[in-house]
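Colleague: I would like to learn how one reads a structure, going from the whole chain down to single residues. Could we go through it together?

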Amino acid sequence: MNWRYGLIAACAACLAMLLWAGRQQVPLLSNLEGQLVDAQARFRGPLPPGTPISILLIDDKSLEEIGTIPIDRKLIAQSIHKLKAAGARLIAFDMLFVEHAHRAPEADRALAEAIQTAGNVIIPFALSADGERGPPAPLPDRIADEAFTHFQNDEARRYMGLMPQRALLPLPEFAQRARGLGHVSALPDRDGGLRYDFPALWYQDELLPSMALKVAQLARGTAIEAKLGKEIRLGTTNIPLDAASRQWVNYYGASNTFHTASFADLLAGRLDPSLFKDKIVLIGDTALGNSDRHASPFDPALPGVERIATIVDNILTERWLNRPDWAPLAEIAAMILLPLCAAMLANTFSGRVALGCSLLIFGLLTALAQWAFNQQGIVLSLIFPVIALGLATVGSIAHRAWNEERQRRTAENALRASEARYALAAKGTNDGLWDWDLDSNRMFFSERWKQLMGLDPSAPIEHIDDWVSLLDQMERQRFQAELDAHLQGRSGHFHHIFRFSAGNTLRWMLARGIAVREPGKPSRMAGSLTDITEQKQLEKQIAHDAWHDRLTGLPNRDLFNERLKQRFGSPSIAAEGVGLVMLDIDNFRSINEQFGQFAGNALLNELSRRLKETADEHMLVARLGSDQFAIAYFGPENPGIAEGIQTLFQTPFHFNETPYTAHASIGWAHSAQGIDSPDDLQNAANLALVHSKTEGGSKCRRFDPAEQALEKSRRWLHENIDKALAEGNQFKLYYQPFVRLADRRLIGFEALIRWEHPEKGFMFPNDFIPYAEESGQINEIGRWTLYQAARDLKSWENLGFEGEVAVNLSGRQFNEQDLVAECRTLLNTLAPIPPKRFKLEVTESMAMSNPQKTTDTLIALADMGFKISIDDFGTGYSSLAYLHRFPFDTLKIDRSFVIRLDAGLEAREIVRTIAGLGKSLNKQILAEGVEEESQAHTLETLGVDTGQGWLFAKALSYADATTAIRTDQARQPPYTKPSH
């Protein structure tokens, strides 16, 4: 934002805050603030009283019937008796009984007796700020009895809005007999309105309650406490006070808002006594000449007794008005932020938009304040934030208007001053000039302009229509649209490129110009004309090069893909079918190395020429890469096209008159093979090409969907294995128990991996382990398996499990990983479990693939304490010499021998031999794949001590394996570890 707008906003905020700070000293400002509150009350509308209150008025009718002024106190006594008999809850007088009845002491006695008999009468006293009539009289004890016994914030006394100097007190005989006393003092605002009440006033070192507060206290029957400048506590009700210890009055409406009756009607018995039952009755004087009337938002002369009734209802229903502690901070914040907002609007938008937005802000602010007033009784002073907003809005808009006018004049002067310089510059740049007087609609065109437009320099051309008529219809419409946009102020400059034919030559021109506006309406426009034909031709060449191969001139990969997509999008072509042939020159790199790059380029050019000659109008030929070409055709599947392309290589190519026979690998596919997108078609043809090259080149291969399915399956496996390893929650270990055949006690588990895929479900190792072995992902899977098995074994240790867990190792883990270092780290995960309870299994064939390296690695692992198991023993080509060198603990008999035990003697003798070999070496012999009881019995007879298979249990989840451990431990006698 421009700093000048910020300065305007700061000045507006400062001025508004100065007025806000001095509003109590300036009558006009304080009156405006009060009138705003009155306006909010009137906008809200009248409210019904919420407390049963009745008002008895000593009105003109009463004086007319009674005939005496002042009212005879005997009659007042009668009214008290009648109200007491009617069941009035409280009787409060807005009348000062400060003097004895004139020559009627019996009337005073009658009133005193009535007050005492009723026992629920409250009478007022007055506190005056006028202290010039002599020293104040001492405060009677009865009045002092009404003072607050609990109050806080003594320092706030000096800020109270009214500081009484004199008291007008009721006669002692009345005061002693009254149920309660309260002051009826008030201080009007400068405009005559009574917007506040003083619930507590300080007089002669006592804090005295108001009549309204006293009535509310006796109605509630609770104690009152005061915190000056903050609140009055009436039981659980907190009446908010402002800093001057004043209570805002929430007026409900005009006179007679409360139930009102005439004093004369009560005395004459014309009123139903039930009207006063359980009600608070206020008695006041409203007869002609009574001065106890004040302006309210709804009534210019509201009786004082009705004002007291309103305050009592405010307290009892908690519907007072409140100016909260945060209101001044909110008003100050508004006086700072609103001018800043107005300045930002004027800096950003036009004056009309800025003014509209400011009015909208004013409306929203007013609505928010009115809502707070209506719903919460919160009083916010909007006068000064609105003043700040208005000052900033007017100042910012005025500054913007002045700035725009200054800029316009500066621009006009600069334009006039630069015309001569521009004309000279135009000559130097070989541009044509034109000048248009919009008022007369006549134009000037320079000679150079006429030359550029192909006209004779003496041609009589003076109007814009003469220029536009030189263009064809489409160019004419575009030219006119751009010109109108600038003249209407929708563009800052006129900048338009058009083309036209000068003889047989197509030429491109750039027309530029700017209009001068005074005031606001364009009066003149001038500009130049530049020949950009060469630039356009260069752009055309660049665009061609972007879509074509520079060497051969054929479409490149981008253009080929675009056209193939267009053909696929055509319903007629898609129905006929689309075929794609891709070829790759065999050993093209060796051609470049042997004959040079020039020869390679010559080969590519000659091949592209042959392809273009072979292709018909319905084919697309493109060079996709270095030595890769593609030919798309449209129609039914046609193997002859691919075969025909292969024949192109039967004719030798020539490099410097030296013949050279080149060969190419070709792959082709057709949409009839279930392919429905250009990308899939290219992938299919490319896959066929890859297989063609794999088979030795110089082949022509048709796409096989089964190969693509295999490739997709492999890609799917690779991506999902990586994802499963990253997420860490898809692979699970299942545990197949191996048991001692003699007593079927649990000895340990073999960890078997399973894949619980979120989409495909449960997958066995044969579904993914072979591919993982091929891709190398088996290394990460093997690492995860080792650590997960170690963690599970540790968790079983807490159950008292003393068996072992076996984990299979992959050959790639031996060859591509530092398996010794990995297992050394594994020891930390296993601790404190000894590593001899963790068995590492290697297959016989894997161990013998590199015996020396296997021996070294297994010895290192055995030295760490791990057990070693030779898996699938008997199926490979073991050398007993190496077998003797392997530090193994277990020989695992392959399931193929176990299955054939009942088929003949051969399998039994092999098992007997392996068992004998194991015993001679003091090794454990474990037979896997035991599924029948007869097999278990035969194995035990042949000397096999341990079995594993479905006869004992299938592979168990971690939870089921845990259950199996608990079940085995429940058997007696306890498990005893084998000696080997």
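**Reading the chain step by step**

Modeller: Let us begin with contacts that link distant parts of the sequence: among contacts in the chain between residues at least 6 apart in sequence, 71% join residues at least 24 apart. Please keep in mind throughout that this is a predicted model.

Colleague: How many helices and strands are there in the chain, and why is the chain said to be more spread out than a compact globule?

Modeller: The chain holds 35 helices and 38 strands. Its radius of gyration is 54 Å, whereas the globule rule gives 30 Å for 980 residues, and because the value is well over that figure, the chain is more spread out than a compact globule. Taken along the principal axes, the box that the C-alpha atoms fill is roughly 145 × 125 × 50 Å.

Colleague: What does one pair of residues show about distance in sequence and in space?

Modeller: V930 and Q247 are 683 residues apart in sequence, and from C-alpha to C-alpha they are 96 Å apart in space.

Colleague: Which residues have the most contacts inside the largest nonpolar core?

Modeller: The general idea is that, in soluble globular proteins, nonpolar side chains tend to be buried together. In this chain the largest nonpolar core has 90 residues, and F93 and I283 are those with the most contacts inside it. Leaving aside residues up to four places away in sequence, I283 touches L56, I58, S79, L83, I91, A92, F93, D94, M95, F263 and V305. Apart from that core lies another, of 70 residues, which includes F801, V820, M848 and V898.

Colleague: How much of the chain is buried, and what does the chain expose?

Modeller: Buried residues make up 48% of the 980 residues. The chain exposes about 47600 Å², of which carbon and sulfur atoms supply 53%. As for charge, there are 102 positive and 120 negative side chains, and the centres of these two sets lie 3 Å apart.

Colleague: Is V930 buried or exposed, and where does it lie?

Modeller: The cut-off to remember is that a residue is called buried under 20% relative accessible area. V930 has 0% relative accessibility and therefore counts as buried, and its place is the loop between strand 37 (924–928) and helix 34 (933–941). If residues up to four places away in sequence are not counted, V930 touches V898, Q935, A936, L939, Q948, G949, W950, L951 and F952; V898 is also among the residues of the core of 70.

Colleague: What about R73: is it buried or exposed?

Modeller: R73 has 12% relative accessibility, so it counts as buried. R73 is placed in helix 4 (residues 73–86), and, again without residues up to four places away in sequence, it touches F97, E99, H100, A101, A107, D108, L111, L171 and F174.

Colleague: Which backbone angles should I look at in the loops?

Modeller: One may look at phi and omega in turn. Q204 has a positive phi of about 50 degrees although it is not a glycine, and it sits in the loop between strand 8 (200–203) and strand 9 (206–209). With 33% relative accessibility, Q204 counts as partly exposed. D278, also a residue other than glycine, has a positive phi near 60 degrees, and the loop that holds D278 runs between helix 9 (263–267) and strand 15 (280–285).

Colleague: And which peptide bond is cis?

Modeller: The bond from A831 to P832 is cis, with omega near 10 degrees, and P832 lies in the loop between helix 28 (819–830) and strand 34 (838–843).

Terms used: Residues are numbered from 1 along each chain as its sequence is written. This is a predicted model: local features need pLDDT of at least 70, side-chain atom pairs count only at pLDDT 80 or more; totals for chains, interfaces and linings use all residues. Side-chain values use heavy atoms; hydrogens and water are left out. A nonpolar core is a set of buried Ala, Val, Leu, Ile, Met, Phe, Trp, Tyr and Cys residues joined through side-chain atoms within 4.5 Å. Buried means under 20% relative accessible area, exposed over 50%, partly exposed in between (1.4 Å probe, protein chains only). Contact means heavy atoms within 4.5 Å. Helices (H or I, at least four residues) and strands (E, at least two) are DSSP runs, numbered from the N terminus. The radius of gyration is taken over C-alpha atoms; the globule rule is 2.2 Å times the number of residues to the power 0.38. Accessible areas come from the Shrake-Rupley method with a 1.4 Å probe; for residues, only the protein chains shown count as cover. Lys and Arg count as positive and Asp and Glu as negative; His and the chain ends are not counted. The place of a charge is taken as NZ of Lys, CZ of Arg, CG of Asp or CD of Glu.
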